[in-house]
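Biologist: I'd like to learn how to read a few features in a model like this one. Could you walk me through them?

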Amino acid sequence: MSGVAHDAKPATERTLFGHPIGIANLFGVELWERFSFYGMLTILGYYLYYSTTDGGLGMAESTGLGIVGAYGGLVYLSTVLGAWVADRLLGSERTVFYGGVVVMAGHIALAILPGLAGVGVGLVLVALGSGGLKANASSLLGTLYDKDDPRADGGFTLFYLGINLGAFAGPLITGLLQDHIGFHYGFGAAAIGMAIGLTQYVVFRKNLGEHGRDVPNPLPRTEIPKVIAVLAAFAVIVAIAAATGLVTLSNLPNVTTGVITAASIVYFGIMLTSAKVTPVERTRVRAYMPLFIANAVFWSLFQQIFTVLSAYSDKRMTWSILGWTAPSNWIGSMEPVWIIALSPLFAVMWTRLGTRAPSTPRKFSLGVIGMGAAFLLFTLFSGTEGKSVSFVIVFFILGAFAVSELMLSPIGLSVTTKLAPNAFRAQMMALYFFSVGIGTSMSGVLAKYYDPSHELAYFGITGLVAIAVGIVVWSLSPWISRHMEGVH
C-alpha cells in the first residue's frame, strides 16, 4: 500500500464516527460505483436477449448471458491493469478518480449509442474503469490507517457496507426504469449514479490529504515507448482474433476463461521457479493452489445470479407483490440484503470463536459446499412450469448464497496476502482476482447449458460438482494447513 505512515490517531486528525474523514469519500464513490455497476449488470442480459420489439437486441439467450459472464471476467482481469496504472503512472488516488470517469463514460455510451456499438464501447469502458477503481479504492482506504491502527477493521467493514448498499439499490432503480420507460433510461441512471459518486469525491477530495498521491514505482520515460508498443500489439491481436472469427460473441466466455486460466498458470509457474522465492514461500504457494481452484468454483456458481438466475427470475419466478409485479432484475438486490444483515453476526462469531474457528481451508470448503447445496435447492421446483416459483422462496435460497459468501469471500483476500511471497505480493493479489474472474466467466460458459426444460439436471449436476470440490478441499485441509507454514 502506498501513502505515508502516520500515527494511529493524531490529535489534529479530523474524524467521522471515530474514523479518518477520508473514509466518507471512499465509502461514497464505492457505493455509487457499485450502484451503477450492478444496476447495469442486472438488466444487461435482458437487453441482449430480449426481442427488438421489447427494446432488446434480439440475441440468442445463451449468447447474451454468456457475454454477461465474459464481461464480468474481463472486469476482474482489468484490475491487474488498474493496479499497474496506480503503481507506475498515477498513484491510487488519481486512478480511483479517472477510473470513475471512465466508468461513467461507459454507462453514457450504453445509454445513448444504439445496438451493438453501444454495448461494445460501453462495456469496454466500464470494464477498464471498474478495474482501475476496484483495484485501488481498497488500497487507498488502507493508507488512511497506520499498520497497527485498531480502527482499520472497522473502516473496511464500513467500506464493505457501502459496496452492498450500492449493490442493493442499483438494480431496484434500473429495473423500474427499464420496465416502465426502457433499457437506455436504466443505463442512464447508472451513469447518473457514477456522476454523483464522482462529484462527492471531487468536492471532498481534500479530506484525503496526500494519501495515495505518490506513485510507488514510477515508469521511466525510456520505457514509455515499450509500453505503447505492447498495448498496440495487444490491440492488433484482439482485432485479428475478432476479424478471423477466432473470437466471436458466442465463444467469448470460453475464450475469456481460457485466457485468464492461462495467465494464472503462468503466474504460478513464475512464482514456483523464481530464485527470489524462498523454499518456505514456495511451499505456501503450493498450498494456495487448492484454495485458488475452490475460489473459482465458488464464484462460477455465485455469479450466476447475473446469468442463469437472471433468466430464471425472468421466466420462472413470480414477482407479484400485493397485485403489483416487480421487475425481474430485482433478484440482483436480494443477496446484498442478507450480506448487510449477516456480516455483523459473522464478525462477532469469528471473534468469539477465536482459535476454535475453522481453519482457512475448512472455511473455503464449507463455502463451496454451501454454494453447491444452495443450487440443489432449485431442483425442488424443477417439475413446475412457467412463472410459478415465488420470489420469497428464492430470497431465502439467496440467504444460503450469502452465508456461503461470508464463509469464503472475506478471508480470500486476507489469506492471499498472507501466503504471498515477498517478491510477488502484487502478482499474488492478481491471482486472487484471476480466480474470481475465471469463476465469473465460467458463469457465462455454464449459462449455455441452462434451459427451463431440464432444470433438474442443470442445478443438480452443478450443485453436486461444487459439493464434491468442497469435500475434496476439506479432505486436503490438513495438508493445506501444514503447507501454509504457520498461517492459520
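Biologist: Let's start with backbone angles. Which residue just after α11 takes a positive phi?

Modeller: Keep in mind that this is a predicted model. The residue is G354, where phi is about 55 degrees.

Biologist: And where does a residue other than glycine have a positive phi?

Modeller: The general idea comes before the case. Most residues other than glycine have a negative phi. Here L322 has a positive value, with phi near 50 degrees. L322 sits in the loop between β4 (320-321) and β5 (324-325).

Biologist: Is L322 buried or exposed?

Modeller: Exposed, because its relative accessibility is 89% and the cut-off for that class is over 50%.

Biologist: Back to α11, then. How do I check a helix's length, and what span should α11 have?

Modeller: You multiply a rise per residue along the helix and compare the result with the distance between the end C-alpha atoms. For the 23 residues of α11, 1.5 Å a residue gives 33 Å, and the end C-alpha atoms are 33 Å apart, so the two agree.

Biologist: Where is the kink in α11?

Modeller: At L342, shortly before the proline P344, and the angle is about 40 degrees. L342 is also one of the buried residues of α11, a list that includes W338, I339, S343, F346 and W350.

Biologist: Remind me how side chains are spaced around a helix.

Modeller: An α-helix has 3.6 residues a turn, so residues three or four places apart point the same way. With that in mind, look at the buried set of α11 in the viewer: I331, G332, S333, M334, E335 and P336 belong to it too.

Biologist: What about α4: how many residues does it have, and where does it bend?

Modeller: α4 covers residues 115-143, which is 29 residues, and its first and last C-alpha atoms are 42 Å apart, close to the 42 Å expected. The bend is at A137 and comes to about 30 degrees.

Biologist: I've clicked on S138. What does S138 contact beyond its sequence neighbours?

Modeller: S138 is in α4 as well. Leaving aside neighbours within four places in sequence, S138 is in contact with F156 and F159. It counts as partly exposed because its relative accessible area is 30%, between the 20% and 50% cut-offs.

Biologist: Which residues does E93 contact, again leaving out neighbours within four places?

Modeller: E93 is in helix α3 (residues 92-112), and its contacts are L140, Y201, R205, L208, H211, G212 and R213. With a relative accessible area of 0%, E93 is buried.

Biologist: And T256, is that buried or exposed?

Modeller: Buried, since its relative accessible area is 4%. T256 is found in helix α8 (residues 252-273). Away from its sequence neighbours within four places, T256 is in contact with A70, G73, L74 and S441.

Biologist: Now the internal spaces. How many cavities of 30 Å³ or more are there?

Modeller: The idea is to look for space where a probe fits but cannot get out. The count here is two cavities of 30 Å³ or more. The largest holds about 100 Å³. It is lined by 15 residues, and the closest to its centre are L41, G72, Q303, F306 and T440.

Biologist: Which elements give two or more residues to that lining?

Modeller: They are α1 (23-49), α2 (61-90) and α14 (425-447). The largest share, five residues, comes from α2. By class, the lining of the largest cavity has seven nonpolar, six polar and two charged residues.

Biologist: What lines the second largest cavity?

Modeller: That cavity holds about 30 Å³, and its lining is L41, T42, Y46, I305, F306, S310, N329, I331 and G332. The elements that give two or more residues are α1 and α11, with the largest share, three residues, coming from α1. The classes here are five nonpolar, four polar and no charged residues.

Biologist: One last residue: where does G182 lie?

Modeller: In the loop between α5 (152-180) and α6 (183-203). G182 counts as buried because its relative accessibility is 16%, and buried means under 20%.

Key: Residues are numbered from 1 along each chain as its sequence is written. This is a predicted model: local features need pLDDT of at least 70, side-chain atom pairs count only at pLDDT 80 or more; totals for chains, interfaces and linings use all residues. Side-chain values use heavy atoms; hydrogens and water are left out. Helices (H or I, at least four residues) and strands (E, at least two) are DSSP runs, numbered from the N terminus. The expected span of a helix is 1.5 Å times one less than its number of residues. The bend at a residue is the angle between axes fitted to the seven residues ending there and the seven starting there. On a 1 Å grid over the protein atoms alone, a cavity is a set of points where a 1.4 Å probe fits but cannot get out, and a pocket is an open set with protein on both sides within 12 Å along at least five of seven lines; lining residues have an atom within 4 Å of a point. Grid points are joined across faces, edges and corners, and a volume is the space filled by probe spheres set on the points. Ala, Val, Leu, Ile, Met, Phe, Trp, Tyr, Cys and Pro count as nonpolar, Asp, Glu, Lys and Arg as charged, and the others, Gly among them, as polar. Buried means under 20% relative accessible area, exposed over 50%, partly exposed in between (1.4 Å probe, protein chains only). Contact means heavy atoms within 4.5 Å.
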